[in-house]
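This briefing addresses side-chain contacts and surface patches. The topics are salt bridges, aromatic pairs, and charged and nonpolar patches.

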Amino acid sequence: SIDVDVTGVADAPTLTAELGEPTVTQTGGEEVEVTIDHSNFNNADSGFSVGARTINEDGSLSEASADNLSYNQSPGGFGVSGGASGADSELGYDSSNDVSEQIVVNFDDDISSADVSFAWMSNSEHATYEIYRDGVKVGEGEVTGVTDNVDAPVTLTADDGGSFDQIVFSAPGQGDDYLIHSIDFTTVEGGETTVEYPLDISSNL
């Protein structure tokens, strides 16, 4: 006779967990209207920060800094200190290097929209902008000047209708230069912020 030992073997299950994109919910608090203009564009403690990127001699862009910002009195608005195109106070385009100066606006808290009034931009000049959320571009567009003075505000929003925390302004091409007269946005002070992450768990035997 032959003795046979049988040992049962069970495969260990494979467990997979996937974390989704977060959903941020703000409850309570008070809505506050904020305006960025000539009186505070270089402040760093008002719920936002503004910096400008100038063009280096080799055609690259500098780091964004408030020290690179400039102000023009008439028409009123802030721009970039440099000689790319237009007045030295304007944000302009350097055709010799095919690159634009930039103004970078960061918001301490996510916002849903911004009303931007451009200045010193004629109907043959244009401004471009890119909207970012956590470093990912979620919107972009181009604005055409109207009065060559202070134009009516244009509302900027993300393509998906969600919130965002940064806008980068530039000039699209030769002869495009302008100022930013003001940026209006709404933020919430106080209240409670809740962040929810969807979790998907699956197993295979």
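Which residue forms a salt bridge with Asp160, and how far apart are the closest N and O atoms? The partner is Arg133, and the closest N and O atoms are 2.8 Å apart. The model under discussion is predicted. A search of the whole structure finds three salt bridges and seven aromatic pairs.

**Salt bridges**

- Asp160 lies in the loop between strand S13 (154-156) and S14, while Arg133 belongs to strand S11 (residues 126-133), so their salt bridge ties together parts that are 27 residues apart in sequence.
- Asp160 counts as exposed because its relative accessibility is 53%, over the 50% cut-off.
- Arg133, with a relative accessible area of 21%, is partly exposed.
- Lys137 takes part in a salt bridge with Glu130, in which the closest N and O atoms are 3.4 Å apart.
- Lys137 also forms a salt bridge with Glu140, and here the closest N and O atoms are 3.2 Å apart.
- Glu130, Lys137 and Glu140 are thereby linked in a network of salt bridges.
- Each member of this network is partly exposed: Lys137 has a relative accessibility of 39%, Glu130 has 26%, and Glu140 has 48%.

**Aromatic pairs and cluster**

- A pair of aromatic rings is described by the distance of the centres and the angle of the planes.
- Among the seven aromatic pairs is that of Phe41 and Tyr71, whose ring centres are 6.4 Å apart and whose planes lie at 25°, so the pair is stacked.
- Phe41 is located in the loop between strand S3 (30-36) and strand S4 (48-53), and Tyr71 in strand S5 (residues 69-72), so this pair ties together parts that are 30 residues apart in sequence.
- Phe41 counts as buried at 7% relative accessibility, whereas Tyr71 counts as partly exposed at 37%.
- Phe118 and Phe169 form an edge-to-face aromatic pair, with 6.0 Å centre to centre and 75° between the planes.
- This pair links distant parts of the chain, with Phe118 in strand S10 (residues 114-119) and Phe169 in strand S14 (residues 164-170), 51 residues apart.
- Both Phe118 and Phe169 are buried.
- One aromatic cluster is formed by Phe48, Phe107, Phe164 and Phe185.

**Negative surface patch**

- Glu21, Glu30, Asp108, Asp109, Asp110, Asp134 and Glu189 form a negative patch on the surface.
- Strand S9 (residues 102-111) contributes the largest share of the negative patch, namely three residues.
- Asp110 is found in strand S9 and is partly exposed, with a relative accessible area of 38%.
- Asp110 therefore meets the accessibility condition for patch residues, because its 38% relative accessible area is over the 30% cut-off.

**Nonpolar surface patch**

- A nonpolar patch on the surface consists of Leu15, Leu19, Val195, Tyr197, Leu199 and Ile201, which together have about 650 Å² of accessible area.
- At least two residues of the nonpolar patch come from each of strand S1 (14-19) and strand S17 (199-204).
- Leu19 is located in strand S1 and counts as exposed at 56% relative accessibility.

Notes: Residues are numbered from 1 along each chain as its sequence is written. This is a predicted model: local features need pLDDT of at least 70, side-chain atom pairs count only at pLDDT 80 or more; totals for chains, interfaces and linings use all residues. Side-chain values use heavy atoms; hydrogens and water are left out. Patches are made of residues with over 30% relative accessible area and no salt bridge: like charges are joined within 9 Å, nonpolar side chains (Val, Leu, Ile, Met, Phe, Trp, Tyr) within 5 Å. Accessible areas come from the Shrake-Rupley method with a 1.4 Å probe; for residues, only the protein chains shown count as cover. A salt bridge is a side-chain nitrogen of Lys or Arg within 4 Å of a carboxyl oxygen of Asp or Glu. Lys and Arg count as positive and Asp and Glu as negative; His and the chain ends are not counted. The place of a charge is taken as NZ of Lys, CZ of Arg, CG of Asp or CD of Glu. Helices (H or I, at least four residues) and strands (E, at least two) are DSSP runs, numbered from the N terminus. Buried means under 20% relative accessible area, exposed over 50%, partly exposed in between (1.4 Å probe, protein chains only). Rings of Phe, Tyr and Trp (its six-membered ring) pair if their centres lie within 6.5 Å; planes under 30 degrees apart count as stacked, over 60 as edge-to-face and the rest as tilted.
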